[in-house]
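Grab a pencil and open the viewer. Below are a few short exercises, each followed by a solution you can check as you go.

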Amino acid sequence: MPNNADKSLYQKHIPIVTRSVKGQFRTFKTAVMLLAYSVYFLLPWLPWQRVSAASQAILFDLTTRRFFIFDLIVYPQDIFWLAMLLFIAAALLFFVTGLVGRAWCGYFCFQTLWSDLFIQIEHLIQGERPARLRLKKQDWNLEKVFKISASHALMILVSLWTAITFACYFSYAPSFVTDFFSGTGTSGGYFAVLVLTVLTYMAGGVAREQICLYACPYARFQGVMYEADTLAVTYDIKRGEGLKGRTIPIQGLKTHEERVAAGHGDCIDCGFCVQVCPTGIDIRNGLQYQCISCGLCIDACDNIMDSVGYPRGLIRYDSERNMASETPHAPKVMWKRFKVIGYAGALLLMTSVLFYNIGTRSDTEVNVQQVRQPLFVLLSDGRVRNRYQIHIVNKTETEQTYQVTVKHIPKDALDMGNIPEITVRAGKALAVNAKINLSYELAEKTHEFEFEITQVSTGEKMELETSFNSPREHD
Amino acid sequence: MSQDNKKVTTETTGHVWDEDLQELNNPLPRWWIWGFYITFAFALIYWLFYPAWPIANTYTKGVPGLNNVTYVATKVDGTQETKTTHWNMRSKLMVEMNELHKEQKPYFDKVAGKSFEDVSKDAELMQFVNSAGKTLFSDNCAPCHQAGGQGKVKFAPNLTDDYWQYGGTYENIQTTIVGGRHGVMPAFKAILSDAELTEVSHYVLSLSGEPHNAAAAKLGDAIFHGDKAGCYACHGVEAKGNIAMGSANLTDKIWLWPDVLGAKTPEAKLGEVKTLIYGGMDKGVMPVWETRLKPEQIKLLTVYVHDSLGGGK
């Protein structure tokens with residue numbers, strides 16, 4: 001095929017220079033951004049009264065393996081909460097995507113938020129889209145060097161603070177920041193900040209939509225969650241194109257009525273919907289995998305429709321089914337669907353299970369493990385001994401003392417060695433040895449018994465059922 | 001592809017097979033291929049730092065000086081030497097082991113600095129004793145005493161029960177580990193007749209309530225306490241053994257050398273005891289550990305055997 005010989009197998013990246021826009025979706029995006037950034041950047045600085053760790057409201061302490069979330073302390077034993085949380089996040093994503101498409105991508109995703117912020121930095125320093133395009137084209141001079149380097153320097157600064165903030169969630173923020181800037185921080189801290197700064201800058205400042213197009217798995221699989229009733233950012237092709245297609249508003253085609261009479265649609269082909277798009281697509285070509293459904297083209301189009309005096313909503317949130325319908329209704333959220341209700345049910349169920357679980361968690365976790373090598377020991381006076389390891393996790397904020405007793409067998413059968421009372425420091429775990437000696441006759445009859453662990457300060461009792469082995473089962 | 005669906009707007013490579021089978025052109029972004037080239041550069045840098053290419057029976061070791069790893073190795077005789085080699089999995093492991101030993105040291109120091117009783121009263125330190133002791137025991141003691149310290153009849157004593165041939169106090173156990181033990185019982189085949197062997201065996205079984213012939217046991221009693229055999233000299237007049245020499249207590253339920261508990265019939269039990277008295281025993285050998293383990297390791301093992309295995313007195 002000679003005419004294709006010059007075709008490259010690789011696609012050159014054409015930077016997307018977006019036009020700023022005003023409108024309800026832009027306002028919503030800005031509000032989400034303000035809220036998300038306020039929470040993200042300020043939360044590590046929120047103090048919280050704490051006994052056993054730094055006074056920080058949110059602290060993921062990896063060295064002592066405890067996550068502090070306000071008054072909740074998460075221990076490694078609570079790992080299944082993470083499984084629930086991930087399930088909830090997944091179900092929420094499926095639920096929302098089924099209803100209103102890729103709302104996560106368009107309004108909440110970190111990639112979207114940081115790209116959006118960095119685009120606004122460019123806008124602030126380099127000006128509106130035409131100015132930025134002109135700057136790109138012009139030769140390197142003082143103005144270009146200053147504007148380009150200033151905007152990238154600002155992006156790197158934001159990236160640096162993003163990285164430092166991230167690290168602050170894992171370390172006491174005030175001392176981490178002081179140590180970081182006085183050069184006395186840990187190498188791990190510097191490394192984490194360096195990596196995160198580079199990644200934030202690369203993802204938000206350089207790669208931008210390339211992440212959504214080529215790297216993000218969520219962008220790909222959200223496509224399969226769309227149904228015919230899912231609301232998506234859609235161009236009303238019937239209204240926009242009319243019978244003879246879109247055209248610019250030349251003389252005689254200026255009003256809605258004139259255009260309808262001439263057979264042209266309402267789209268005046270101004271191209272603003274393309275110019276504002278952060279992934280650089282033309283929504284008029286239909287739903288595309290690149291569309292992150294941020295709604296900016298809706299704002300752009302509504303503004304144009306207002307200025308030329310046509311009704312709004314040429315580009316709008318609407319469903320595929322409604323678009324194809326002969327008698328379309330006003331776009332609305334279609335939630336009465338099996339899938340949506342199913343996801344909502346799963347979401348509600350798992351959320352309540354998680355909250356119930358967190359709410360009913362005990363401050364103490366105990367378990368017992370029988371020593372299985374050997375299963376039992378014959379003592380010189382003919383008694384039978386079994387050995388156990390009792391594991392106690394103190395999840396309170398103070399040192400606690402525990403006593404161990406036994407039920408269903410004589411009290412004096414228990415031998416705790418030289419440790420009659422077990423003191424466990426706040427947030428720590430301890431395993432202690434326990435021996436049970438029973439007379440041969442009693443041992444033959446005893447299959448199960450209970451350890452009772454009492455928290456001395458509160459009198460709270462925890463029972464642990466365990467088994468007793470003797471020669472009877474093995475002869 | 002159906003004939004009426006001609007609205008495909010995706011670019012094709014222009015290749016067509018079987019009249020209508022076309023190849024869509026979805027080109028990779030160019031930066032992607034750069035990423036691929038960067039891995040080439042990464043490989044080159046990697047070769048400078050790490051062992052990479054096998055050559056005959058050796059391999060490239062990276063540029064000397066760029067990737068040196070220094071660690072302290074302990075030789076078989078206990079002396080330490082500092083080694084520097086190129087990076088490899090073994091030297092990296094050694095460095096990590098050095099670091100772990102450094103982390104362990106404060107705990108071993110704590111054990112070394114406290115009395116046995118104080119260690120056993122410290123629940124947090126006992127947790128270290130449990131885990132470090134398990135490793136030391138598995139590496140050194142388990143081949144004879146078995147992984148859980150349960151021992152093996154006719155081979156090595158059970159350390160989880162409450163009977164100790166050489167004493168079950170901390171000091172006794174430490175002495176045993178430090179200096180080793182050698183338990184011997186002489187053979188009586190030349191001293192006692194077959195009938196006498198049977199009688200004294202009945203007597204031994206009677207001491208712990210095992211099935212026996214009372215009349216024979218009575219005769220055996222006289223032999224046990226008589227000067228011809230002189231059993232009482234080692235096992236004591238009350239046959240309760242002597243921890244100073246490691247002679248067994250014959251009055252309790254614990255048997256190490258004759259497998260009395262394992263034998264099902266009275267005849268078999270008698271046979272076990274009789275065979276031992278007949279032929280004697282010279283297998284009770286525990287090696288000396290003083291030269292192989294450090295003092296703090298022996299101390300920790302002592303507490304482990306006494307409290308964690310749980311047989312100590």
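Keep in mind that this is a predicted model.

**Exercise 1. Work out why A:C270 and B:C144 form no disulfide.**

Step 1. Recall the chemistry: a disulfide is a covalent bond between the sulfur atoms of two cysteines.

Step 2. Recall the cut-off: the two sulfur atoms have to lie within 2.5 Å.

Step 3. Start with A:C270. The closest cysteine sulfur belongs to A:C273 and is 6.2 Å away, so that's too far for a bond.

Step 4. Now try B:C144. Here the closest cysteine sulfur sits in B:C141, at 9.1 Å, which again is too far for a bond.

Step 5. Put the whole model through the same rule and you count zero disulfides over all chains.

Extra: are these two cysteines buried, exposed or partly exposed? A:C270 has 33% relative accessibility, so it counts as partly exposed. B:C144, at 32%, counts as partly exposed too.

**Exercise 2. Describe helix α2 of chain B from end to end.**

Step 1. Find residues 89-113 of chain B: that's α2, with 25 residues.

Step 2. Check its reach. From first C-alpha to last it spans 36 Å, close to the 36 Å expected at 1.5 Å a residue.

Step 3. Look at the N-terminal end. B:N88 caps α2(B) there, with a side-chain oxygen 3.0 Å from the backbone nitrogen of B:R90.

Step 4. Follow the helix until it bends. There's a kink of about 35 degrees at B:Q104, shortly before the proline B:P106.

Step 5. Pick out the buried residues: B:S91, B:M94, B:V95, B:F108 and B:V111. To make sense of the spacing, remember that an α-helix has 3.6 residues a turn, so residues three or four places apart point the same way.

Step 6. Ask what covers these buried residues of α2(B). The cover includes strands β6 (68-74) and β7 (80-86), along with helices α3 (116-121), α4 (123-140) and α11 (295-308), from chain B.

**Exercise 3. Find out what surrounds B:D252.**

Step 1. Locate B:D252 in the loop between α9 (231-235) and α10 (266-279) of chain B.

Step 2. Decide whether it's buried or exposed. The cut-off for buried is under 20% relative accessible area. B:D252 has 5%, so it is buried.

Step 3. Look for a polar partner. A polar atom of the B:D252 side chain lies 3.0 Å from the backbone nitrogen of B:I254.

Step 4. Skip neighbours within four places in sequence, and B:D252 is in contact with A:S380, B:Y163 and B:S208.

Notes
Residues are numbered from 1 along each chain as its sequence is written. Chains are lettered from A and ligands numbered from 1 in the order in which they are written. This is a predicted model: local features need pLDDT of at least 70, side-chain atom pairs count only at pLDDT 80 or more; totals for chains, interfaces and linings use all residues. Side-chain values use heavy atoms; hydrogens and water are left out. Buried means under 20% relative accessible area, exposed over 50%, partly exposed in between (1.4 Å probe, protein chains only). Helices (H or I, at least four residues) and strands (E, at least two) are DSSP runs, numbered from the N terminus. The expected span of a helix is 1.5 Å times one less than its number of residues. The bend at a residue is the angle between axes fitted to the seven residues ending there and the seven starting there. Contact means heavy atoms within 4.5 Å. A polar contact is a pair of N or O atoms within 3.5 Å; within protein, one must be able to donate a hydrogen and the other to accept it, and residues adjacent in sequence count only if both atoms are side-chain atoms.
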